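This report describes the fold of one protein for a reader who is new to structural biology. Please keep the sequence and the model in view while reading.

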Amino acid sequence: MHDLKYHKLISDALPALIGQRWKVVAILVGKKPFSIATNDPAKSHPLIAKHNANRRVHAEIRCLRNAPSEKIKNSTMYIFRSSNNTFRLAKPCVICMAYLQELGVKKVVYSTDTGTEMLRV
């Protein structure tokens with residue numbers, strides 16, 4: 001079963017990603033959502049760009065960059081990937097997980113093909 005707690009926020013963000021192969025939305029939540037971002041098709045992933053220009057800034061990184069730094073510690077990040085109007089696997093990559101850990105995010109909830117999974121960071 002999908003965690004649809006933030007379905008409205010996700011649905012509102014997805015139209016910005018029309019035409020993109022990967023439609024990913026990340027939301028940072030404390031007591032309530034305080035940062036939301038999508039993957040960026042126009043910019044390269046900061047740590048991989050010099051090796052592979054086709055890699056893009058992940059939604060997780062953009063969400064963290066947009067968030068007030070004082071709210072990040074002990075927050076939860078929700079990450080959802082959409083394809084053909086259904087959620088798909090959106091487990092964060094190793095680089096994003098390291099960044100989440102470094103900034104003190106407490107847990108990550110991400111979509112899968114069959115529901116959601118949760119990771120303690």
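## Pairing of strands

Two strands pair if DSSP finds at least two bridges between them. The model discussed here is predicted. In this model, strand 7 and strand 8 (residues 116-120) run antiparallel and are joined by five bridges. The connection between strand 7 and strand 8 is a hairpin of four residues. Across this pair, S111 stands opposite T116 of strand 8.

Strand 7 also has a partner in strand 5, and here the pairing is parallel, with four bridges. One position in this pairing is M77, whose bridge partner in strand 7 is V108. Strand 7 therefore takes part in an antiparallel pairing with strand 8 and in a parallel pairing with strand 5, each of which meets the requirement of at least two bridges.

## Overall architecture

The protein contains four helices and eight strands. Their order along the sequence is α-β-β-β-β-α-α-β-β-α-β-β. Of the 121 residues in the protein, 40% are buried. The exposed surface amounts to about 7,200 Å², and carbon and sulfur atoms supply 50% of that area.

Contacts between distant parts of the sequence can also be considered. Among contacts that join residues at least 6 apart in sequence, 53% link residues that are at least 24 apart.

## The first hairpin

Strand 1 (residues 23-29) pairs with strand 2 (residues 33-38) in the antiparallel sense, and the pairing comprises five bridges. A hairpin of three residues leads from strand 1 to strand 2. Within this pairing, V29 has P33 of strand 2 as its bridge partner.

## The nonpolar cores

The largest nonpolar core consists of 17 residues, and L28, L64, M77, I79 and V105 have the most contacts inside it. Two or more residues of this core come from each of strand 1, strand 2, helix 2 (59-66), strand 5 (76-83) and strand 7 (107-111). Another core lies apart from this one; it has eleven residues, including Y6, A13, V29 and F80.

I79 illustrates how contacts reach across the sequence. Leaving aside residues up to four places away in sequence, I79 touches V24, V25, A26, E60, A90, P92, V108, V109, Y110 and S111. For one of these contacts, the separation can be stated in two ways: V109 and I79 are 30 residues apart in sequence, while their C-alpha atoms are 6.3 Å apart in space.

## Strand 7 and its surroundings

Why is strand 7 described as largely enclosed by the rest of the structure? The reason is that four of its five residues are buried. V109, which lies in strand 7, has a relative accessibility of 7% and therefore counts as buried, since the cut-off is under 20%.

S111 also lies in strand 7. The relative accessible area of S111 is 0%, so this residue is buried. When residues up to four places away in sequence are not counted, S111 touches I79, F80, R81, F87, R88, L89, A90, K91 and T116.

## An aromatic pair

How many aromatic pairs does the count come to? The count is one aromatic pair. This pair is formed by F80 and F87, with ring centres 5.1 Å apart and an angle of 45° between the planes, and it is classed as tilted. The class follows from the angle, because planes under 30 degrees apart count as stacked, those over 60 as edge-to-face and the rest as tilted.

Both members of the pair meet the criterion for burial. F80 is buried because its relative accessibility is 1%, and F87 is buried because its relative accessible area is 10%.

## Cysteines without disulfides

The structure holds zero disulfides. A disulfide requires two cysteine sulfur atoms within 2.5 Å. For C96, the closest cysteine sulfur belongs to C93 and lies 3.6 Å away, so the two are too far apart for a bond.

Are C96 and C63 buried or exposed? C96 is buried, with a relative accessible area of 0%. C63 likewise counts as buried, at 0% relative accessibility.

How values were computed. Residues numbered from 1 in each chain as written. Predicted model: local features only at pLDDT ≥ 70, side-chain atom pairs only at ≥ 80, totals over all residues. Heavy atoms only, no water. Buried < 20%, exposed > 50% of the residue type's maximum accessible area, 1.4 Å probe, protein only. Contact = heavy atoms within 4.5 Å. Areas by Shrake-Rupley, 256 points an atom, 1.4 Å probe, with all protein chains shown as cover. Phe/Tyr/Trp six-rings, centres within 6.5 Å; stacked < 30°, edge-to-face > 60°. Core = buried A, V, L, I, M, F, W, Y, C linked by side-chain atoms within 4.5 Å.
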